[in-house]
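Please look through the structure shown here, moving from its overall layout to its interior and then to a single residue.

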Amino acid sequence: MNRFRLQILYIPLCALFLAGCGSKDDNTVADQRTAIENFLTNAYGEDGYDKIDRVYRVAIEREGNYNRSRRLEKGDIARFYFAGYEFTSRRIEPAFYSNVDWIIEELQDAGLDPIYWDQDIVEVRLGEGKVIKGIEKGLEGCREGDSVRVFLTTDLAFGSYYISDMDLYSAVEYVIWLEEVEKQ
């Protein structure tokens, strides 16, 4: 009889423990959102950035005739260059991945061997899921010639996957240069 009572107590305690373990990721994402929002508000002001479906985006440059530039929508093909960084409230980390020649040269000078990095322009059809979720959301609505900074919490980036020498569950920042939009 005592063993049965012990098992009845054991099951809720295990459930309580497991519930506590699951909340770490929730807190991590919430903490990352707060850190990103604080950084962007301090750097660009309350209205200096967009928030699109939990993705944060800052327009840093627009080239060409903006009113005539093609706007990127789901189903369109995007061609772009990028550099990915682990998000910190200050940029001191080198890129963890890029297809931009001058960034790759800087990383080589620092001792990185980018032999497996593809230096070609990235080409994706928006909505096919060929890039991480946050990149697609961050690019949607951009126009040909835009350069943007896209900030992603771990749930929209890499989550528990190891990428380069970044910590697990890291928030990331991408700088993206949208070279061409092919309307479909």
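The paragraphs below take up the fold, the core and one strand residue in turn.

This is a predicted model, in which local features need pLDDT of at least 70 and side-chain atom pairs count only at pLDDT 80 or more, while totals for chains, interfaces and linings use all residues. Residues are numbered from 1 along each chain as its sequence is written, and side-chain values use heavy atoms, with hydrogens and water left out.

The protein has 3 helices and 7 strands, where helices (H or I, at least four residues) and strands (E, at least two) are DSSP runs numbered from the N terminus. Along the sequence they follow the pattern α-β-β-β-β-α-β-α-β-β. Of its 184 residues, 39% count as buried, that is, under 20% relative accessible area with a 1.4 Å probe, protein chains only.

In the largest nonpolar core, a set of buried Ala, Val, Leu, Ile, Met, Phe, Trp, Tyr and Cys residues joined through side-chain atoms within 4.5 Å, there are 25 residues, and Phe-80, Leu-152, Phe-158, Val-172, Tyr-174 and Ile-176 touch the most other members. Strands E3 (77–86), E5 (122–125), E6 (146–152) and E7 (172–182), together with helix H3 (133–139), each supply at least two residues of this core, and the largest share, 5 residues, comes from E7.

Val-58 is found in strand E2 (residues 55–62), and it counts as buried because its relative accessibility is 1%. Leaving aside neighbours within four places in sequence, Val-58 is in contact (heavy atoms within 4.5 Å) with residues including Leu-40, Tyr-44, Val-148 and Phe-151. The C-alpha atoms of Val-58 and Leu-40, which lie 18 residues apart along the chain, are separated by 8.5 Å.

Methods. Buried < 20%, exposed > 50% of the residue type's maximum accessible area, 1.4 Å probe, protein only.
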